[in-house]
Amino acid sequence: MFVGQRTQTINALRAHLAEHGVIAATSKCGLKKLSAMIDDQTVTLPCKVRELARVYVSHIAGLTAQIAEMTESPI
């Protein structure tokens, strides 16, 4: 379930940024590139777009941490 939610959130982030011309590959490297572009002030984005993108990135990081925690420790 968490993996699916993470994928949905990544796709939502990609779509959100694509509406403003910010596009990257669909790999882990692409996600890192998108995250870097959010903080890059030379990339023209409205403040509200950056703020929402940071919310997406934070949520993705939280889901990634939960997934790692659940897959590393036996139940």
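# Exercises on a three-helix chain

C47 lies in helix 3, where helices (H or I, at least four residues) and strands (E, at least two) are DSSP runs, numbered from the N terminus. The structure is a predicted model, in which local features need pLDDT of at least 70 and side-chain atom pairs count only at pLDDT 80 or more, while totals for chains, interfaces and linings use all residues. Residues are numbered from 1 along each chain as its sequence is written, and side-chain values use heavy atoms, with hydrogens and water left out.

## Exercise 1: The chain as a whole

Task: State how many helices and strands the protein chain has, and where in the chain the confidence is lowest and highest.

Solution.
1. Count the elements: the protein chain has three helices and zero strands. Along the sequence, the pattern reads α-α-α.
2. Consider pLDDT, the predictor's confidence in each residue, from 0 to 100. Its mean over the protein chain is 93, and 96% of the residues reach 70 or more.
3. Compare the elements: the lowest confidence is in helix 2 (residues 28–39), with a mean of 92, and the highest is in helix 1 (residues 2–18), with 96.
4. Note the extent: along the principal axes, the C-alpha atoms fill a box of roughly 45 × 20 × 15 Å.

## Exercise 2: Buried or exposed?

Task: Decide for each of C47, K28, H16 and V49 whether the residue is buried or exposed.

Solution.
1. Fix the cut-offs: buried means under 20% relative accessible area, exposed over 50%, and partly exposed in between (1.4 Å probe, protein chains only).
2. Apply them to C47: its relative accessible area is 59%, so C47 is exposed.
3. Turn to K28, which is found in helix 2. K28 is exposed because its relative accessible area is 72%.
4. Turn to H16 in helix 1. With a relative accessible area of 13%, H16 is therefore buried.
5. Finish with V49, placed in helix 3 (residues 47–72). V49 counts as buried because its relative accessibility is 7%.
6. For the whole chain, 24% of the 75 residues count as buried.

## Exercise 3: Neighbours of V49 and H16

Task: Find which residues V49 and H16 touch, leaving aside those within four places in sequence.

Solution.
1. Define contact as heavy atoms within 4.5 Å.
2. List the partners of V49: they are H16, L17 and H20.
3. Check one pair by distance: V49 and L17 are 32 residues apart along the chain, and their C-alpha atoms are separated by 7.7 Å.
4. List the partners of H16: V49, L52, A53 and Y56.
5. Contrast this with C47 and I10, 37 residues apart along the chain, whose C-alpha atoms are separated by 20 Å.
6. Over the protein chain, among contacts between residues at least 6 apart in sequence, 49% join residues at least 24 apart.

## Exercise 4: How the helices pack

Task: Describe how helix 1 is oriented to helix 3 and to helix 2, and which residues make each contact.

Solution.
1. State the conventions. Axes are lines fitted to C-alpha atoms, for helices over the stretch in contact, and angles run from 0 to 180 degrees between N-to-C directions. Angles under 35 degrees count as roughly parallel, over 145 as roughly antiparallel, 65 to 115 as roughly perpendicular and the rest as oblique.
2. Helix 1 and helix 3 pack at about 160°, with axes 9 Å apart. Helix 1 is therefore roughly antiparallel to helix 3.
3. Residues of helix 1 in this contact include H16 and L17, and those of helix 3 include V49, L52, A53 and Y56. The contact residues comprise 15 nonpolar, six polar and one charged, where Ala, Val, Leu, Ile, Met, Phe, Trp, Tyr, Cys and Pro count as nonpolar, Asp, Glu, Lys and Arg as charged, and the others, Gly among them, as polar.
4. Helix 1 and helix 2 pack at about 50°, with axes 11 Å apart. These two helices are therefore oblique to each other.
5. I10, L13, R14 and L17 of helix 1 meet L31, L34 and I38 of helix 2. Six of these residues are nonpolar, none is polar and one is charged.
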